[in-house]
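Reader: I've got a chain open on my screen and I'd like to talk it through with you. Can we go question by question?

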Amino acid sequence: MKPQLILVRIHALAGLLAMLIIATFWVSTLISELFLSFPAVIWVKQSIVWGLFILIPLLMITGGSGFALSKKEHHPLLAQKQRRMPFITLNGLLVLIPAAIYLSWKAQAEIFDVWFYTVQVLELIAGGANFLLLGLNARDGTILSKPIKPDHN
């Protein structure tokens with residue numbers, strides 16, 4: 001198997017797993033907050049922080065492999081993917097990771113106040129935005145990975 005193909009598969013697999021984890025965080029948060037008990041919310045918030053130890057390396061693998069794959073390429077879809085990445089990264093580093101840690105800390109202290117719920121709403125919005133942007137990148141990556149068929153006209 002060619003190294004380029006291996007890198008494409010690693011990129012796709014790491015990206016898919018990262019998106020599944022993000023979706024799991026988002027849905028688990030929503031379900032626990034709306035339908036489950038405070039102990040369930042506490043467990044979800046703690047699990048999300050622990051899940052970051054899996055998610056962050058997956059995102060780093062996805063970003064690094066994507067960067068390596070894009071070095072010699074010049075395509076409009078690739079440019080779109082690259083323009084989304086700073087927002088995805090900054091949103092994760094400046095909003096989502098601190099929010100996850102803060103919410104876990106508040107939940108463990110059983111402080112479900114206005115600040116908890118304000119940050120929770122912010123986290124859901126920011127997480128949804130990142131999921132959408134990563135989904136657009138996945139869509140564009142799928143298009144880019146398909147071989148170009150010659151025109152037979």
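Reader: Let's start with Glu123: buried or exposed?
Author: Keep in mind that this is a predicted model. Glu123 has a relative accessibility of 9%, and the cut-off for buried is under 20%. So Glu123 counts as buried.

Reader: Which side chain makes a polar contact with the side chain of Glu123?
Author: Glu123 sits in helix H4, residues 114–145, and Gln120 is found in H4 too. The two side chains make a polar contact at 2.9 Å. The partner is Gln120.

Reader: Why might two residues like that point the same way?
Author: It comes down to helix geometry. Residues three or four places apart point the same way because an α-helix has 3.6 residues a turn.

Reader: And Gln120, is that one buried or exposed?
Author: Its relative accessible area is 3%, and anything under 20% goes down as buried. Therefore Gln120 is buried.

Reader: Which residues does Glu123 touch, leaving aside its neighbours within four places in sequence? And what about Gln120 on the same terms?
Author: Gln120 is in contact with Thr29, Glu33, Lys45 and Leu103. For Glu123, the list is Lys45, Leu96, Ala99, Ala100 and Leu103.

Reader: Which helices do the buried residues of H4 pack against?
Author: Those buried residues include Phe116, Val119, Leu124, Gly127 and Asn130, along with Gln120 and Glu123. Further along, Leu133, Leu134, Asn137 and Asp140 are among them. They pack against H1 (3–35), H2 (38–70) and H3 (76–108).

Reader: What span does H4 reach from its first C-alpha to its last?
Author: H4 has 32 residues, and at 1.5 Å a residue the expected span is 46 Å. The model comes out close to that. The span is 46 Å.

Reader: And what does H1 reach, first C-alpha to last?
Author: H1 has 33 residues, with 48 Å expected at 1.5 Å a residue. Its reach is close to that figure. The value is 47 Å.

Reader: Which elements cover the buried residues of H1?
Author: The buried set in H1 includes His11, Ala14, Gly15, Ala18 and Met19. Ile21, Ile22, Phe25, Thr29 and Ser32 are buried in H1 as well. What covers them includes H2, H3 and H4.

Reader: How do H1 and H4 run, roughly parallel or roughly antiparallel?
Author: H1 and H4 pack at an angle of about 150 degrees, with their axes 10 Å apart. Angles over 145 degrees count as roughly antiparallel. That makes H1 and H4 roughly antiparallel.

Reader: Which residues of H1 and H4 make the contact?
Author: The crossing of these two is left-handed. From H4, the contact takes in Phe116, Tyr117, Gln120, Leu124, Gly127, Gly128, Phe131, Leu134, Gly135 and Ala138. From H1, the residues are Met19, Ile22, Ala23, Trp26, Thr29, Leu30 and Glu33.

Reader: What about H2 and H3, roughly parallel or roughly antiparallel?
Author: Their packing angle is about 160 degrees, and the axes lie 10 Å apart. H2 passes H3 in a left-handed crossing. Since over 145 degrees counts as roughly antiparallel, H2 and H3 are roughly antiparallel.

Reader: Which residues of H2 take part in that contact?
Author: On the H3 side, Leu78, Gln82, Ile97, Ala100, Ile101 and Leu103 are included, as are Ser104, Ala107 and Gln108. H2 brings Ile42, Lys45, Gln46, Ile48, Val49, Leu52, Ile56 and Ser70.

Reader: Ile48 caught my eye; how far apart in space are Ile48 and Thr29?
Author: Ile48 is in helix H2, and it is buried, with a relative accessible area of 6%. Apart from neighbours within four places in sequence, Ile48 is in contact with Phe25, Thr29 and Ala100. Ile48 and Thr29 are 19 residues apart in sequence, and C-alpha to C-alpha they are separated by 8.9 Å.

Reader: Which residue has a positive phi although it is not a glycine?
Author: Look in the loop between H3 and H4. The residue there is exposed, with a relative accessible area of 58%, and its phi is about 55 degrees. That's Glu110.

Reader: Zooming out, in what order do the elements run from the N terminus on?
Author: The protein chain has four helices and zero strands. Its C-alpha atoms fill a box of roughly 65 × 30 × 25 Å along the principal axes. The order is α-α-α-α.

Note on methods: Residues numbered from 1 in each chain as written. Predicted model: local features only at pLDDT ≥ 70, side-chain atom pairs only at ≥ 80, totals over all residues. Heavy atoms only, no water. Buried < 20%, exposed > 50% of the residue type's maximum accessible area, 1.4 Å probe, protein only. Polar contact = N/O pair within 3.5 Å; in protein donor to acceptor, adjacent residues only side chain to side chain. Contact = heavy atoms within 4.5 Å. Expected span 1.5 Å × (residues − 1). Axes fitted to C-alpha atoms, helices over the stretch in contact; angles between N-to-C directions. Parallel < 35°, antiparallel > 145°, perpendicular 65-115°, else oblique. Left-handed = near helix turned anticlockwise from the far one by under 90°.
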